[in-house]
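Student: I would like a close look at a single part of this model. Please take it slowly and keep to what can be read from the coordinates.

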Amino acid sequence: MEKSIGYRINTLLEEYDMTQRELAKRIGVTEVTIGRYIKDTRQPKSDILATIAKEFNVPLEYFFNSSPRIDTGKLINTSGKMTKEEIAITNNVKDLSPKGQKLVLDFIDLIKSTDEKDRLGQVIS
């Protein structure tokens, strides 16, 4: 069953524990407007939809793909082949909610930052 844009906005609100009022304030529309998007009585203009996508850190395609989850299938290393570990990570992340996926990506950024600091420390020593 195809999920509507309103359904997906509502899902993101739930995943991020955000109210319609909070989202409205963040993107510069009224709470009533957000309610209408969710009820599918009004469709957001493309610039507003892009702003919503940016607010939740999801690609714009999230609102149009047949799956209500973010597609993580583009996580392929430069050789074009994925290791067993990369496949396991991808499969596990794909099953998470958008909020869970963002947390995983934030954690990966933290690890990369720590690794970089460790490498710089070794070069300086």
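Where is the place of Asp 40? Please describe that part and what surrounds it.

Tutor: The model is predicted. Asp 40 sits in the loop between α3 (31-38) and α4. Its backbone is the point to look at: Asp 40 has a positive phi of about 60 degrees, although it is not a glycine. The residue comes after α3 in the chain. With 34% relative accessibility, Asp 40 counts as partly exposed, because that class lies between buried, under 20%, and exposed, over 50%.

Now the helix before the loop. In α3, the buried residues are Thr 33, Ile 34, Gly 35, Tyr 37 and Ile 38. Their cover includes α1, α2 and α4. One of these buried residues, Ile 34, also belongs to the largest nonpolar core, which has 21 residues. Ile 34 is among the members that touch the most other members, together with Ile 9, Leu 13, Leu 23, Ile 52, Phe 56 and Phe 63. At least two residues of this core come from each of α1 (5-15), α2, α3 and α4. The largest share, 5 residues, is supplied by α4.

That leads to the helix after the loop. The axes of α4 (residues 46-56) and α2 (residues 20-27) come within 10 Å and cross at roughly 115 degrees. α2 is therefore roughly perpendicular to α4, as angles of 65 to 115 degrees are classed that way. The crossing of α2 past α4 is right-handed. On the α2 side the contact is made by Leu 23, Arg 26 and Ile 27, and on the α4 side by Ile 48, Thr 51, Ile 52, Glu 55 and Phe 56. By type, the residues of this contact are 5 nonpolar, 1 polar and 2 charged. The spacing of such residues along a helix has a general background: an α-helix has 3.6 residues a turn, so residues three or four places apart point the same way.

Phe 56 of α4 takes part in the contact with α2. Leaving out residues up to four places away in sequence, Phe 56 touches Leu 12, Leu 13, Tyr 16, Met 18 and Leu 23.

A second backbone feature lies past α4. Asn 57 is in the loop between α4 and α5 (84-94). Asn 57, too, has a positive phi of about 60 degrees without being a glycine. At 46% relative accessibility, Asn 57 counts as partly exposed. The loop before α4 thus holds Asp 40, and the loop after α4 holds Asn 57.

Note on methods:
Residues numbered from 1 in each chain as written. Predicted model: local features only at pLDDT ≥ 70, side-chain atom pairs only at ≥ 80, totals over all residues. Heavy atoms only, no water. Axes fitted to C-alpha atoms, helices over the stretch in contact; angles between N-to-C directions. Helix = DSSP H or I, 4+ residues; strand = E, 2+ residues; numbered from the N terminus. Parallel < 35°, antiparallel > 145°, perpendicular 65-115°, else oblique. Left-handed = near helix turned anticlockwise from the far one by under 90°. Contact = heavy atoms within 4.5 Å. Nonpolar A, V, L, I, M, F, W, Y, C, P; charged D, E, K, R; others polar. Buried < 20%, exposed > 50% of the residue type's maximum accessible area, 1.4 Å probe, protein only. Core = buried A, V, L, I, M, F, W, Y, C linked by side-chain atoms within 4.5 Å.
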